[in-house]
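Reader: I would like a close look at the sheet in this model, with the charged side-chain pairs that involve its strands and the helix that packs against it. Please give the cut-offs along with each term, since I want to know exactly what is being counted.

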Amino acid sequence: MRVALHTKVRADRIDAYDAAHREVPVELTDAIRAAGATSWTIWRSGTDLFHVLECEDYGRLLAELEKLPVNVTWQARMAELLDVVHDYSGEGSDAGLPVVWELP
């Protein structure tokens, strides 16, 4: 399945956000893959962040990552940089953006 998300970086933390993503811990990327993600891309337009990820089951991915120490540490770091954070709770699996149109 493909999931699109919207988060928002604080205007005064854009450089720190970009820098952090140049150094995502290998343990975290390994954990994301182990949770079923096959790709995850983030685009930024100003302070708006658009994520597109592909995974087998988004709810399972969130459940497996929610309490994983490497992800908890990463999310704490991201919380310092973001106005709208990625929701890893049970409700987070419903946070995907609705599809408006796809090439038929």
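Author: The answer below begins with the sheet, goes on to the salt bridges, and ends with one residue in a helix.

The model is predicted, so local features require pLDDT of at least 70 and side-chain atom pairs pLDDT 80 or more, whereas totals for chains, interfaces and linings use all residues. Residues are numbered from 1 along each chain as its sequence is written, and side-chain values use heavy atoms, with hydrogens and water left out.

The sheet is open and consists of four strands in the order 2-3-1-4, paired in antiparallel fashion (strands are DSSP runs of E of at least two residues, helices runs of H or I of at least four, both numbered from the N terminus; strands pair if DSSP finds at least two bridges between them). Because strand 2 and strand 4 stand at the edges with a single partner strand each, one side of each is left without a neighbour in the sheet. On average, and with direction ignored, neighbouring strands of this sheet are turned by 30° against each other. Strand 1 and strand 3 run antiparallel and are joined by seven bridges, and R2 stands opposite E54 of strand 3. Helix 3, residues 58-66, packs on this sheet and touches strand 1, strand 2 and strand 3, while its direction makes about 105° with that of strand 3 (axes are lines fitted to C-alpha atoms, for helices over the stretch in contact, and angles run from 0 to 180 degrees between N-to-C directions).

The search of the whole structure finds six salt bridges, each a side-chain nitrogen of Lys or Arg within 4 Å of a carboxyl oxygen of Asp or Glu. R2 meets E102 in one of these, at 2.9 Å from N to O, and the pair links distant parts of the chain, with R2 in strand 1 (residues 2-9) and E102 in the segment after strand 4 (82-84), 100 residues apart. R2 counts as exposed because its relative accessible area is 56% (exposed is over 50%, buried under 20%, partly exposed in between, with a 1.4 Å probe and protein chains only).

K8 and D48 form another salt bridge through their side chains, 3.1 Å from N to O, and here strand 1, which holds K8, is linked to strand 3 (residues 48-55), which holds D48, across 40 residues of the chain. K8 has a relative accessible area of 29% and is therefore partly exposed, as is D48, at 21%.

A further bridge joins R44 to D18, whose closest N and O atoms are 3.1 Å apart; this pair links strand 2 (residues 37-45), where R44 lies, to helix 1 (residues 14-21), where D18 lies, with the two positions 26 residues apart in numbering. Both ends are partly exposed, R44 because its relative accessibility is 38% and D18 because its relative accessible area is 24%. In addition, salt bridges link E56, R60 and E64 into a network.

Away from these charged pairs, Q75 lies in helix 4, residues 69-79, and counts as buried because its relative accessibility is 18%. Once neighbours within four places in sequence are left aside, Q75 is in contact with H86 and Y88, contact being heavy atoms within 4.5 Å.
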